[in-house]
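This report covers the pockets, the ligand site, the cavities and some backbone features of one protein model.

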Amino acid sequence: MGEDKRIDRMETKVIHSGYNPSKHYDSLTPPIYQTSTFAFSSMEQGAKRFSGEESGYIYSRLSNPTVTILEERVASLEEAESALAFGSGMAAVSSVLMGLTKANDHILCSKGLYGCTFGLLQLMKEKYNITSTFSDLQTEEDLLSNIQENTACIYIETPINPTMKVIDLELVTSFAKKKGIKVIVDNTFLTPYIQKPLLLGCDLVIHSATKYMGGHGDVIAGVIAGEKDIINYIRKTTQKDIGGVLSPFDAWLLIRGIKTLAVRMDRHCDNALKLVSLLKKHPRIKAVYYPGDIEHPDYLIAKKQMKKGGGLLSFELEGTYEEAVRFVNRLKLIAIAVSLGDAETLIQHPASMTHAGVPPNARKAMGISDELLRLSVGLEAWEDIWEDVKQALDSF
Ligand SMILES: *Cc1c(COP(=O)(O)O)cnc(C)c1O
């Protein structure tokens, strides 16, 4: 049991990897090391820990044993050499983007990034003249025409929120390898259970662990995974000195949440697929967007790099904006909330919520109409989720 035995299957790794009870008084569940600092046995030991001559803990902003268990578990799930946990998804995104760029660099991004990531890029432009370009990244020509002399990295979200377009990661990484550019993927929407960007040639994976990794809507956290050298560099620079670390208790919540990742993701995906088939048949639904739907324009790319379709879908109502408001307000079981990946089914209206800050024309160009709604399909019985959607659809 634990790290001494080779474990290959994801369903087992989520429960066992990175933790060996015999090293923690045989405690079956990982303990919470709720301490800010660690006592050295001597002056000499303290000096050795600081110089790196001896491994061991010093201070919990640098590392903490409970957080280490989480990091080793995530590294194992993403099949990475190393992983690093943060106090939020945005702490992870900012530490990575600021760690891997310098003033006057350029970042090539997929279109339709998470709002705060977009905000961070604006800030980096204003403060350090680090510019970014947003592209569909659909073809090699697309990549070639957007790359610059000073491009430091390519930053991707796939599927793209909330239109669920998919980017071919192998296409991007084979191009980037030739040019020596690093590829970073925000894998929040899928988790390593569904997609493993590092195995497709990407250099770094980022998660808002707040979402599916934690899975219970009770923790804000982030995590990154990749090669040891990159992870160590970020650990020793932007994470240590900006300080967006994860608390031992929140790490423990994540360790607990991740144990059920495989079973949860299966249910999220199965429920989503069921709802897609029912929504598509309803006369008041104009369009449904879900990468696991055979009629989705990117279905073949999704099939190639994703194990399943994921738990997120979006759809457009046949009706006006006012009718969309009435529809959402009539839902009883489904909660009106941003975030995603929780046990509860959540609905949000991108045009007035997550993408309200995007100017209307840019929003239209991204495929976000006023009637578009995004559903984070929860773990409830699909029949109950559907009954709620249907009663609201039949009466709005
Ligand atoms: C939520 C989210 C983030 C930010 O994560 P926080 O944990 O809220 O800081 C980044 N990327 C994506 C895709 C997200 O959904």
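The text below takes the open spaces before the enclosed ones and ends with the backbone.

The model is predicted: local features need pLDDT of at least 70 and side-chain atom pairs count only at pLDDT 80 or more, while totals for chains, interfaces and linings use all residues. Residues are numbered from 1 along each chain as its sequence is written, and side-chain values use heavy atoms, with hydrogens and water left out.

**Pockets and cavities**

Spaces were found on a 1 Å grid over the protein atoms alone: a cavity is a set of points where a 1.4 Å probe fits but cannot get out, a pocket is an open set with protein on both sides within 12 Å along at least five of seven lines, and lining residues have an atom within 4 Å of a point. Grid points are joined across faces, edges and corners, and a volume is the space filled by probe spheres set on the points.

| Space | Volume | Nonpolar lining | Polar lining | Charged lining |
|---|---|---|---|---|
| Largest pocket | about 790 Å³ | seven residues | seven residues | nine residues |
| Second largest pocket | about 490 Å³ | nine residues | 12 residues | four residues |
| Largest cavity | about 70 Å³ | six residues | five residues | three residues |
| Second largest cavity | about 30 Å³ | six residues | three residues | no residues |

In these classes Ala, Val, Leu, Ile, Met, Phe, Trp, Tyr, Cys and Pro count as nonpolar, Asp, Glu, Lys and Arg as charged, and the others, Gly among them, as polar.

The lining of the largest pocket consists of 23 residues, and those nearest its centre are Gly56, Leu62, Ser63, Asn232 and Arg235. Two or more lining residues come from each of α2 (43-51), α3 (65-78), β1 (82-86) and α9 (228-242). The biggest share of this lining is that of α9, with five residues. Helices (H or I, at least four residues) and strands (E, at least two) are DSSP runs, numbered from the N terminus.

For the second largest pocket, 25 residues form the lining, and Tyr114, Gly115, Ser208, Lys211 and Leu340 lie nearest the centre. Helices α4 (89-99) and α5 (115-128) each supply at least two of the lining residues. The second largest pocket lies between domain 1 (10-258) and domain 2 (261-394), because both give residues to its lining. The domain bounds come from an automatic or database domain assignment.

Two cavities of 30 Å³ or more are present in the structure. Around the largest cavity there are 14 lining residues, with Leu62, Ser63, Asn64, Val67 and Glu71 nearest its centre. Leu62 and Ser63 are also among the residues nearest the centre of the largest pocket. At least two residues of the cavity lining come from each of α3, β1 and α9, and α3 gives the most, with three residues.

The second largest cavity is lined by Pro159, Met164, Phe189, Leu190, Pro291, Gly309, Gly310, Gly311 and Leu312. Domain 1 and domain 2 each contribute at least three residues to this lining.

**Ligand site**

Which residues surround the ligand? With a heavy atom within 4 Å as the cut-off, they are Ser88, Gly89, Met90, Tyr114, Glu157, Asp186, Thr188, Phe189, Ser208, Thr210, Lys211 and Ala221. Of these, Tyr114, Ser208 and Lys211 also lie nearest the centre of the second largest pocket, and Phe189 also lines the second largest cavity.

Polar contacts here are pairs of N or O atoms within 3.5 Å; within protein, one must be able to donate a hydrogen and the other to accept it, and residues adjacent in sequence count only if both atoms are side-chain atoms. A backbone N or O atom of Gly89 is 2.9 Å from a ligand oxygen atom. For Met90, a polar backbone atom lies 2.9 Å from an oxygen atom of the ligand. Ser208 uses its side chain, with an N or O atom 2.9 Å from a ligand oxygen. The ligand taken alone exposes 380 Å², of which the protein buries 92%. Accessible areas come from the Shrake-Rupley method with a 1.4 Å probe; for residues, only the protein chains shown count as cover.

**Backbone features**

Most residues other than glycine have a negative phi, and most peptide bonds are trans. Thr158 and Pro159 are joined by a cis peptide bond, with omega about -5 degrees. Pro159 lies in the loop between β4 (151-157) and α7 (169-179), and is one of the residues lining the second largest cavity. Another cis peptide bond joins Asn161 and Pro162, with omega about -10 degrees; Pro162 too lies in the loop between β4 and α7. Asn104 is not a glycine, yet has a positive phi of about 75 degrees. Its place is the loop between α4 and β2 (106-110).
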